[in-house]
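Here is a friendly walk through a structure, from single buried side chains to the spaces between them. Keep the 3D view open as you read.

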Amino acid sequence: DWSGRAEEAVLACLKAVDLDSQSATAHAFLAEAYADTGRPDRALEVAEKAVELDPQNLWARRNLGYVYEKLGNYERAVEEYQIALAAHPKFGHLYLALGRVYLALGRHEDGLAQFEKATIIDPTDPQGHDQMGWTYFVLQDYERADVLLRKALEVDPDYAPALGHLGVVCYV
């Protein structure tokens, strides 16, 4: 998340691209930084360049999907995340990203399935449980939401999003 300093990240990524203009990873992170600083057109251009440089690069594909997600082009984001997952099936954050996009498309069951896969790939990451819990909250299944959010906090008692989500569930 750039430690809250996305503008500085853009500068660092530009320097990385200057140092190695053929690095797909450098271009991919620059695209993400551009997306996070509200420059979607520039982000898309750089993300496409990253994929052009190395179509199998995890970060190039992931960040092209991320840029499409930020642009609201969820169908294209799904395509890119699926391509990335085909080449890198053990990267849990891709399942989280794909799950988010499915939720944006109203495909709750597909989103939940991706979040569950993330918990299997990396049982030490609370995000999958948190996202499943919050999705069940949105679907008004408060009991299941409660269980999953508590599971996220078993994994990481200090995970702030799950603490906040659980607070809302308990209030409701």
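Alanine 31 sits in helix 2, which covers residues 24-36. In this predicted model, alanine 31 has a relative accessible area of 0%, so it is buried. Setting aside residues up to four places away in sequence, what does alanine 31 touch? Its contacts are Ala43, Val46, Ala47 and Val67. If you would like a longer ruler, try leucine 105: alanine 31 and leucine 105 are separated by 74 residues in sequence and by 23 Å in space, C-alpha to C-alpha.

Histidine 27 also belongs to helix 2. Is histidine 27 buried or exposed? Its relative accessibility is 8%, and buried means under 20%, so histidine 27 counts as buried. Beyond its neighbours within four places in sequence, histidine 27 makes contact with Val17, Ser21, Val46, Lys49, Ala50 and Leu53. Val46 is thus a name to look for twice, as it is listed among the contacts of alanine 31 and among those of histidine 27.

Now move to helix 4, where you will find arginine 62. Arginine 62 is a charged residue, yet at 14% relative accessibility it counts as buried. Leaving out neighbours within four places in sequence, arginine 62 contacts Glu32, Tyr81, Ala84 and Leu94.

Here are these three residues together.

| Residue | Helix | Relative accessibility |
|---|---|---|
| Alanine 31 | helix 2 | 0% |
| Histidine 27 | helix 2 | 8% |
| Arginine 62 | helix 4 | 14% |

Arginine 62 also leads to the next topic, as it is one of the residues that line the largest pocket. This pocket holds about 170 Å³ of space. Along with Arg62, its lining is made up of Trp59, Tyr66, Glu69, Lys70, Phe91, His93, Leu96, Ala97, Arg100 and Gln127. Which elements give two or more residues to that lining? They are helix 4 (58-71) and helix 6 (92-104), and helix 4 gives the most, with five residues. Sorted by class, the pocket lining has five nonpolar, two polar and four charged residues.

There is an enclosed space to look at as well. The structure has one cavity of 30 Å³ or more, and the volume of the largest cavity is about 40 Å³. Its lining consists of Gly92, Leu96, Ala118, Asp122, Asp125, Gln127 and Gly128. Here the elements giving two or more residues are helix 6 and helix 8. By class, the cavity lining divides into two nonpolar, three polar and two charged residues. Leu96 and Gln127 appear in the lining of the largest pocket and also in that of the largest cavity.

The last stop is helix 10, residues 160-171. How does its length compare with what is expected? Its twelve residues should span 16 Å at 1.5 Å a residue, and the end C-alpha atoms lie 17 Å apart, which agrees. The buried residues of helix 10 are Ala162, His165, Leu166 and Val169. Viewed down the helix axis, these buried residues fall within an arc of 100°, so they line one face of helix 10. The spacing fits a general rule: an α-helix has 3.6 residues a turn, so residues three or four places apart point the same way. The buried residues of helix 10 pack against helix 8 (127-138) and helix 9 (142-155). On the other side of helix 10, Ala160 and Tyr171 are exposed.

Definitions and conventions: Residues are numbered from 1 along each chain as its sequence is written. This is a predicted model: local features need pLDDT of at least 70, side-chain atom pairs count only at pLDDT 80 or more; totals for chains, interfaces and linings use all residues. Side-chain values use heavy atoms; hydrogens and water are left out. On a 1 Å grid over the protein atoms alone, a cavity is a set of points where a 1.4 Å probe fits but cannot get out, and a pocket is an open set with protein on both sides within 12 Å along at least five of seven lines; lining residues have an atom within 4 Å of a point. Grid points are joined across faces, edges and corners, and a volume is the space filled by probe spheres set on the points. Helices (H or I, at least four residues) and strands (E, at least two) are DSSP runs, numbered from the N terminus. The expected span of a helix is 1.5 Å times one less than its number of residues. Buried means under 20% relative accessible area, exposed over 50%, partly exposed in between (1.4 Å probe, protein chains only). The arc is that of the directions from the helix axis to the C-beta atoms. Contact means heavy atoms within 4.5 Å.
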